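Here is a briefing on a single chain. Look over the sequence and the fold, then work through the points below.

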Amino acid sequence: MAKYFDVHPENPQRRTISGVADSIRGGALVAYPTDSCYALGCQLGNREGLDRIRSIRRLDDRHHFTLVCQNFAQLGQFVHVDNDVFRAVKAATPGSYTFILPATREVPRQLLHPKKKTVGVRIPDHVVTQALLAELGEPLLSSTLLLPDEDEPMTQGWEIKERLDHVVDAVIDSGDCGTEPTTVVDFSGDEVDIVRRGAGDVSRFE
């Protein structure tokens with residue numbers, strides 16, 4: 001049965017956030033709110049957590065997982081960013097964007113796209129997520145909480161607790177969050193590719 005954490009949306013309780021972070025370090029898979037919608041997250045090196053996300057979402061090995069980072073300095077540890085991309089990504093963060101970029105050696109091999117050796121990264125503009133990332137001191141391995149055969153991601157903490165009670169270890173509820181997945185922009189090729197049009201404004205990349 002999943003633990004349920006009720007977190008204040010503007011002033012997250014430090015003790016609660018610390019408890020969630022400890023659970024993640026202990027191998028927990030959590031459902032947590034972001035500025036775009038809910039996501040599933042676990043510790044970066046948690047192979048079992050990765051497999052559980054794949055199972056819940058029925059993902060194949062071509063799926064780009066996302067490293068949700070606290071800030072740009074942290075993001076730069078896990079992906080290669082040239083000068084032009086640096087300016088574009090920097091101007092759009094924090095925000096509702098996921099960027100696909102070539103991964104550094106810091107990224108576990110099982111997270112990489114099998115052919116491109118890329119990974120998704122993002123910096124969310126969400127108080128609770130930022131508090132959790134600050135407490136963890138490292139990115140969260142994440143994927144949008146979009147269930148198979150459903151068109152819309154889940155956005156209500158109580159509903160997630162009810163429906164996923166036996167497949168996740170914890171649910172963080174801080175009230176309303178975004179209802180639309182991130183805009184996904186692939187910078188790994190010769191041309192900028194907008195993979196998914198979502199919550200972030202795509203006009204800056206067109």
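In which strand is the place of Ala170? Ala170 sits in strand 8, residues 170-173. The model is predicted. Its chain has six helices and ten strands. The radius of gyration is 16 Å, close to the 17 Å of the globule rule for 206 residues, so the chain is as compact as a globular protein of that length.

**Overall build**

- The C-alpha trace spans about 45 × 35 × 30 Å along its principal axes.
- Of the 206 residues, 54% count as buried.
- Among contacts with a separation of 6 or more, 66% join residues 24 or more positions apart.
- The accessible surface of the chain is about 10,000 Å². Carbon and sulfur atoms hold 44% of that surface.
- The chain carries 23 positive and 31 negative charges. The mean positions of the two sets are 6 Å apart.

**Nonpolar cores**

- In soluble globular proteins, nonpolar side chains tend to be buried together.
- The largest nonpolar core here has 43 residues. Leu67, Phe99 and Leu145 touch the most other members.
- Several elements give two or more residues to this core. Its helices on that list are helix 2 (47-57), helix 3 (72-78) and helix 4 (83-91). The strands are strand 3 (38-43), strand 5 (97-102) and strand 6 (118-122).
- Another core, of 18 residues, lies apart from the largest one. Its members include Phe5, Ala21, Ala39 and Leu133.
- Leu145 contacts Ala31, Tyr38, Ala39 and Leu40, leaving aside neighbours within four places in sequence. On the same basis, Leu145 also contacts Pro153, Met154, Ile160 and Leu164.

**Strand 1 and strand 8**

- Phe5 lies in strand 1, residues 3-6. Phe5 has a relative accessible area of 15%, under the 20% cut-off, so it counts as buried.
- Beyond residues up to four places away in sequence, Phe5 touches Thr16, Val20, Ala170, Val171, Ile172 and Asp173.
- Phe5 and Thr16 are eleven residues apart along the chain. Their C-alpha atoms are separated by 7.1 Å.
- Ala170 is buried, with a relative accessible area of 1%.
- Ala170 touches Ala2, Lys3, Phe5, Leu29, Val30 and Ala31, again not counting residues up to four places away.
- Ala170 and Leu75 are 95 residues apart in sequence. Their C-alpha atoms are 25 Å apart in space.

**Strand 6**

- Val121 has its place in strand 6. Its relative accessibility is 0%, so Val121 counts as buried.
- Outside residues up to four places away in sequence, Val121 touches Thr66, Leu67, Leu75 and Val79. Tyr97, Thr98, Phe99 and Leu101 are also touched by Val121.
- Val121 and Phe78 are 43 residues apart in sequence. The C-alpha to C-alpha distance between Val121 and Phe78 is 8.4 Å.

**Strand 7**

- Leu141 is found in strand 7. At 0% relative accessibility, Leu141 is buried.
- Leaving aside neighbours within four places, the contacts of Leu141 include Leu40, Gly41, Cys42, Gln43 and Leu44. Leu50, Ile53, Phe65, Thr66, Leu67 and Leu111 are in contact with Leu141 too.
- Leu141 and Asp176 are 35 residues apart along the chain. A distance of 22 Å separates their C-alpha atoms.

**Backbone in the loops**

- The peptide bond from Thr93 to Pro94 is cis. Its omega is near -5 degrees. Pro94 lies in the loop between helix 4 and strand 5.
- Arg58 is not a glycine, yet has a positive phi of about 55 degrees. Arg58 sits in the loop between helix 2 and strand 4 (66-68). With a relative accessible area of 62%, Arg58 is exposed.
- Asp149 also is not a glycine and has a positive phi, of about 65 degrees. Asp149 is in the loop between strand 7 (140-144) and helix 6 (157-163). Asp149 is exposed, with a relative accessible area of 77%.

Key: Residues numbered from 1 in each chain as written. Predicted model: local features only at pLDDT ≥ 70, side-chain atom pairs only at ≥ 80, totals over all residues. Heavy atoms only, no water. Helix = DSSP H or I, 4+ residues; strand = E, 2+ residues; numbered from the N terminus. Rg over C-alpha atoms; globule rule 2.2 N^0.38 Å. Buried < 20%, exposed > 50% of the residue type's maximum accessible area, 1.4 Å probe, protein only. Contact = heavy atoms within 4.5 Å. Areas by Shrake-Rupley, 256 points an atom, 1.4 Å probe, with all protein chains shown as cover. Lys, Arg positive; Asp, Glu negative; His and termini not counted. Charge placed at Lys NZ, Arg CZ, Asp CG, Glu CD. Core = buried A, V, L, I, M, F, W, Y, C linked by side-chain atoms within 4.5 Å.
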